[in-house]
Amino acid sequence: MDICIFGASSDIIDEKYSKSAYDLASEMARRGHSLVFGGGAKGVMGATARAVLDCGGRVLGVAPDFMSEYNVLLEGCTEFIFTKTMAQRKTLMEDRADAFIIAPGGIGTYEEFFEVFTLKQLGRHSKAIAVFNPYGYYDKMLDMLSYTVDEDFMHRSSMELISVFDSAPELLDYLESYKGKKADPAEIRYNLKNEGE
């Protein structure tokens with residue numbers, strides 16, 4: 001399985017987040033899965049790629065051309081694809097992935113998460129989306145999503161399109177046993193109606 005992991009590219013975050021991501025990606029590689037990621041060498045992003053490479057796994061890095069100017073990309077990936085724009089980068093990663101893991105990250109990771117979540121809610125894909133939540137990192141974001149449901153800006157069943165884990169083995173078990181769930185057309189109409197208001 002080709003698994004896309006979204007996560008922070010910063011090296012100023014607490015090391016515990018990078019360590020938890022390294023351990024997750026190591027277990028992923030030991031189970032025979034490959035990584036699709038944003039190409040960064042630092043933070044959670046870099047930790048996941050190094051873990052897979054350390055375990056002999058395959059790594060696809062994807063980044064827009066302009067990022068090569070900043071010397072932040074990981075060398076040694078099995079394959080590296082440069083795109084013209086950030087939007088093309090996301091589309092390529094989404095297309096190449098069989099499943100998504102949302103590891104701790106900042107605003108870029110939030111954007112990537114909400115894009116694949118929205119696309120799934122709109123019935124554009126049925127791939128698994130697992131939120132990796134070590135140390136409760138995403139608790140407040142999940143509270144916000146629950147509030148969004150409570151205030152009728154999102155259908156309650158949309159929350160069934162994602163799953164949350166703080167355990168790497170349980171997360172990977174979930175991905176490996178996942179049967180694609182598509183949004184119900186009635187729910188899509190509900191969400192489109194509310195998003196248009």
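**Thr 48, helix α2 and helix α4**

Guide: Let's start with Thr 48, found in helix α2, which runs over residues 43-54. Keep in mind that this is a predicted model.

Visitor: Why is Thr 48 called buried?

Guide: Buried means under 20% relative accessible area. Thr 48 has just 1%, so it counts as buried.

Visitor: And what does Thr 48 touch, leaving out residues up to four places away in sequence?

Guide: Ile 5, Ala 21, Ala 25 and Leu 35. Each counts as a contact because heavy atoms lie within 4.5 Å.

Visitor: What makes α2 mostly covered?

Guide: Of its 12 residues, 9 are buried. Thr 48 is on that list, and so are others, including Gly 43, Met 45 and Val 52.

Visitor: What do the buried residues of α2 pack against?

Guide: Three strands, β1 (2-6), β2 (34-37) and β3 (59-64), plus the helices α1 (15-30) and α3 (86-96).

Visitor: How do you know that the span of α2 is close to the expected one?

Guide: The expected span is 1.5 Å times one less than the number of residues. For the 12 residues of α2 that gives 16 Å, and α2 reaches 16 Å from its first C-alpha to its last. After α2 comes Gly 56, with a positive phi near 80 degrees.

Visitor: Now α4. Which of its residues are buried?

Guide: Thr 109, Glu 112, Phe 113, Val 116, Phe 117, Lys 120 and Gln 121.

Visitor: What puts them on the same side of α4?

Guide: They cover an arc of only 165 degrees around the axis, so they sit on the same side of α4. Just after α4, Gly 123 takes a positive phi of about 75 degrees.

Methods: Residues numbered from 1 in each chain as written. Predicted model: local features only at pLDDT ≥ 70, side-chain atom pairs only at ≥ 80, totals over all residues. Heavy atoms only, no water. Helix = DSSP H or I, 4+ residues; strand = E, 2+ residues; numbered from the N terminus. Buried < 20%, exposed > 50% of the residue type's maximum accessible area, 1.4 Å probe, protein only. Arc of directions from axis to C-beta.
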